[in-house]
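These are my notebook entries on helix packing and on the surroundings of the ligand. I set down each item as I looked it up.

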Amino acid sequence: MQNYLLEKVKEHEESLDVNNPRDFIDYFLIKMETEKDNQELVFTYENLVITAFDLWIASSETTSITLKYALLLLLKYPQVTAKLQEEIQRVIGKHNSPCMQDRSHMPYTNAVLHEIQRYINLSTIGIPHSVTCDVKFRNYLIPKSFQKRSLLATSDGFWQSPMKRVLDISCVDEDFD
Ligand code: HEM
């Protein structure tokens, strides 16, 4: 896999146009050039390959499994599909591509996607995160070295059935952050 990514990096280098970066690898290569005299060598080939590998691992199975189950569940629940379609057409429209700004105006779509991911137990153990010192956030104290994990999963008896929650979604806020 690393050899494959190294090959891709070489291909990018050969066709790089600094005025027209195409993707993450192009931006990283440009940064390698501008930071080449920096003593702290962060922008190296090794880090580029490792970071691209991380993104690949983090994104491929998560995205494909979400899409696969989303299609199956939307076929099974046409009333949810109809509400999704209505929101997508109202907010994005038929002739525009979606952008990040649209997301905060699409509470139903956002909720459906998250409930689908909960339903398929997409992330059962999450990725551990911790703070390096005590942090006060709103009314909460997050103590140093406390380990936090975000889960996207179902637990019988604790959460209401995710698909039932999707069918019941009528209480989501109009706009949300
Ligand atoms: C439907 C698609 C995706 C799902 C369901 C998903 C799910 C997740 C989850 C549950 C986490 C752990 C978050 C946490 O514990 O705070 C995570 C982290 C991460 N994801 Fe995704 N992901 C998806 C797509 C992607 C894509 C497309 C990329 C990059 C191209 C990506 C890159 C990452 C990275 C780098 C992290 C680690 C972030 C950190 O440590 O703070 N993910 N993802």
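Entry 1, the ligand shell. Before counting, I fixed the term: helices are DSSP runs of H or I with at least four residues, numbered from the N terminus. The model is a predicted one. I then asked which element gives the most to the shell around the ligand. That element is α3, which contributes six residues. The shell comprises 13 residues, and I noted S59, Q117, L122, H129 and K148 as those that come nearest to the ligand. Sorted by class, I found eight polar residues in the shell, beside four nonpolar ones and one charged one.

Entry 2, polar atoms at the ligand. I looked up the distances to oxygen atoms of the ligand from N or O atoms of the protein. For H129, an N or O atom of the side chain is 3.1 Å from a ligand oxygen. For K148, the corresponding side-chain distance is 3.4 Å. In the case of I127 the backbone is involved: one of its N or O atoms lies 3.5 Å from an oxygen of the ligand.

Entry 3, α1 against α3. I turned next to the packing of α3 with other helices. Two packed helices are described by the angle between their axes and the distance between the axes. Helix α1 covers residues 2-14, and its axis is 10 Å from that of α3, at an angle of about 115°. I therefore recorded α1 and α3 as roughly perpendicular to each other. Their crossing is right-handed. On the α1 side I listed Q2, Y4, L5, L6, V9 and E13, and on the α3 side Y45, L48, V49, A52, F53 and W56. This contact has ten nonpolar residues, one polar and one charged.

Entry 4, α2 against α3. Helix α2 spans residues 24-34 and helix α3 spans residues 45-76; I read an angle of about 160° between them and a separation of 11 Å between their axes. Angles over 145 degrees count as roughly antiparallel, so α2 is roughly antiparallel to α3. The α2 and α3 crossing is right-handed. From α2, the residues F24, I25, F28, L29 and M32 meet Y45, N47, L48, T51, A52 and L55 of α3. I counted nine nonpolar and two polar residues in this contact, with no charged residue.

Entry 5, α3 against α4. Which residues of α3 and α4 make the contact? I first took the geometry: helix α4 runs over residues 78-91, and its axis comes within 5 Å of the α3 axis, crossing at roughly 110°. The two helices are therefore roughly perpendicular to each other. The contact consists of L74, L75 and K76 from α3 with P78, V80, T81 and L84 from α4. By class, I recorded five nonpolar residues, one polar and one charged.

Conventions: Residues numbered from 1 in each chain as written. Predicted model: local features only at pLDDT ≥ 70, side-chain atom pairs only at ≥ 80, totals over all residues. Heavy atoms only, no water. Axes fitted to C-alpha atoms, helices over the stretch in contact; angles between N-to-C directions. Parallel < 35°, antiparallel > 145°, perpendicular 65-115°, else oblique. Left-handed = near helix turned anticlockwise from the far one by under 90°. Contact = heavy atoms within 4.5 Å. Nonpolar A, V, L, I, M, F, W, Y, C, P; charged D, E, K, R; others polar. Near = heavy atom within 4 Å. Polar contact = N/O pair within 3.5 Å; in protein donor to acceptor, adjacent residues only side chain to side chain.
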